[in-house]
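Ready for a walk through a protein? Open your viewer, keep the selection tool at hand, and follow the stops below.

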Amino acid sequence: MRIIGPAILPSVASFLTPSTRDYFIPTREAAFGIKLSDYEHPAAKERAWKEVEPLLLELAAVLNKTEGPFVMGEEVSYADIVLVSMMVFLERCCAGSVRRFEDVDEGFGRLWRACEGWMERDD
């Protein structure tokens, strides 16, 4: 979380109820030693994405071991659900995150498109 935090933490607070937000903001500021509003600086976000890129390349290597869109090829697995869940969360916190994943490796885009039907909200 410390690596990607600047890209998402300020947005997370906007999803919370007021009472939860009142807890979330000061505890995260204490934990990270910085005001969440300072995290919103574009340079901090860019630095966070650059720092996370090597980890994304490792994930991409796993995705690209097969020809299918999923970790296990044509069969969806728990690993795919975990990865796509993380991507959905990041996209909702920081619009454009999926594009950043795809900029690192097209395998993320293939996985995203293969899972789109499961991402539709039903509320």
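**Stop 1: an aromatic meeting point**

Select Phe101 and display its surroundings: leaving out residues up to four places away in sequence, Phe101 touches Trp49, Leu56, Met86, Met87, Leu90 and Phe108. Keep in mind, as you look around, that this is a predicted model.

**Stop 2: the nonpolar core**

Now widen the selection. Which residues of the largest nonpolar core touch the most other members? Colour Trp49, Leu56, Met87, Phe101, Phe108 and Leu111, and you have them, out of 30 residues in that core. Next, show the helices that give two or more residues to this core: α1 (5–15), α2 (18–32), α3 (36–39), α4 (42–63), α5 (78–93), α6 (97–104) and α7 (106–119). Pause on α5, which gives the most, with six residues. As background, nonpolar side chains in soluble globular proteins tend to be buried together.

**Stop 3: the whole chain**

Zoom out and switch to a cartoon view. How many helices and strands does the protein chain have? You should find seven helices and zero strands, so the order from the N terminus is α-α-α-α-α-α-α. Turn the C-alpha trace along its principal axes, and it spans about 45 × 35 × 20 Å. Of the chain's 123 residues, 37% count as buried. If you draw contacts between residues at least 6 apart in sequence, 60% of them join residues at least 24 apart.

**Stop 4: the outside**

Turn on the surface. The protein chain exposes about 7,600 Å², and carbon and sulfur atoms supply 56% of that area. Then colour by charge: there are 14 positive and 21 negative side chains, with the centres of the two sets 7 Å apart.

**Stop 5: Glu102**

Select Glu102, which lies in helix α6. Is Glu102 buried, exposed or partly exposed? Glu102 counts as partly exposed because its relative accessibility is 27%, which falls between the 20% and 50% cut-offs. Beyond residues up to four places away in sequence, Glu102 touches Phe108, Gly109 and Arg113. For a distance exercise, add Phe24: these two residues are 78 apart in sequence and 31 Å apart in space, C-alpha to C-alpha.

**Stop 6: Ser77**

Finish in the loop between α4 and α5, where you will find Ser77. Ser77 counts as buried because its relative accessible area is 13%, and buried means under 20%. Show its contacts, again skipping residues up to four places away in sequence, and Val71 and Met72 appear.

Definitions and conventions
Residues numbered from 1 in each chain as written. Predicted model: local features only at pLDDT ≥ 70, side-chain atom pairs only at ≥ 80, totals over all residues. Heavy atoms only, no water. Core = buried A, V, L, I, M, F, W, Y, C linked by side-chain atoms within 4.5 Å. Buried < 20%, exposed > 50% of the residue type's maximum accessible area, 1.4 Å probe, protein only. Helix = DSSP H or I, 4+ residues; strand = E, 2+ residues; numbered from the N terminus. Contact = heavy atoms within 4.5 Å. Areas by Shrake-Rupley, 256 points an atom, 1.4 Å probe, with all protein chains shown as cover. Lys, Arg positive; Asp, Glu negative; His and termini not counted. Charge placed at Lys NZ, Arg CZ, Asp CG, Glu CD.
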